[in-house]
Amino acid sequence: MDSIKRIIEDASGSIPSDSQTSIAIGKGASPEEIASVATSEGLHELAGAIFESLQIGNMPTGHALEIVRDRLLDFRKDLPANSATSKLIDAGAPLDEISEAAEEEGLFSLVAMLVEAEQEGER
């Protein structure tokens, strides 16, 4: 759940304060509700990041890490070859390094997935 809070906090500064998503965040709505409202307002990156983090967080650790590896490779296919995130994925870098690069490049759904995977790996 920490990764979801982080995603929401990071996005809060860039969402118009009068949007339904911002209002849902302000009233302490559940992550599912925030993601749903974000989707209806076209904030697909935020909604995707929340849904991805929820999905990974609800899986058994071994299965979640396997899915993360597969999704990481799928995600890589859509990245430019010269991005820092691509280079780290190709090099087999640790998840925390890939996550940092992804965050710098604004790839929040990837960051959410990796943060959740890191937390699952620590359990």
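**View 1. Glu33 is partly exposed and pairs with Lys27**. Glu33 has a relative accessible area of 33%, which makes this residue partly exposed (buried means under 20%, exposed over 50%, partly exposed in between, with a 1.4 Å probe and protein chains only). Its partner Lys27 is exposed, at 57%. The two form a salt bridge with the closest N and O atoms 3.3 Å apart (a side-chain nitrogen of Lys or Arg within 4 Å of a carboxyl oxygen of Asp or Glu). This is a predicted model, where local features need pLDDT of at least 70 and side-chain atom pairs pLDDT 80 or more, while totals for chains, interfaces and linings use all residues. Residues are numbered from 1 along each chain as its sequence is written, and side-chain values use heavy atoms, without hydrogens and water.

**View 2. Arg76 and Asp90 meet in a salt bridge**. Here the N to O distance is 2.9 Å. Arg76 sits in helix α5 (residues 61–77) and Asp90 in helix α6, so the bridge ties together parts 14 residues apart in sequence (helices are DSSP runs of H or I, at least four residues, numbered from the N terminus). Arg76 is buried at 16% relative accessibility, whereas Asp90 is exposed at 52%. The structure holds two salt bridges.

**View 3. Helix α6 has buried residues Thr85, Ser86 and Ile89**. The helix spans residues 84–91. Seen down the axis of α6, these buried residues fall within an arc of 100 degrees, so they line one face of the helix (the arc is taken from the directions from helix axis to C-beta atoms). Gly92 follows α6 and has a positive phi, near 70 degrees.

Conventions. Helix = DSSP H or I, 4+ residues; strand = E, 2+ residues; numbered from the N terminus.
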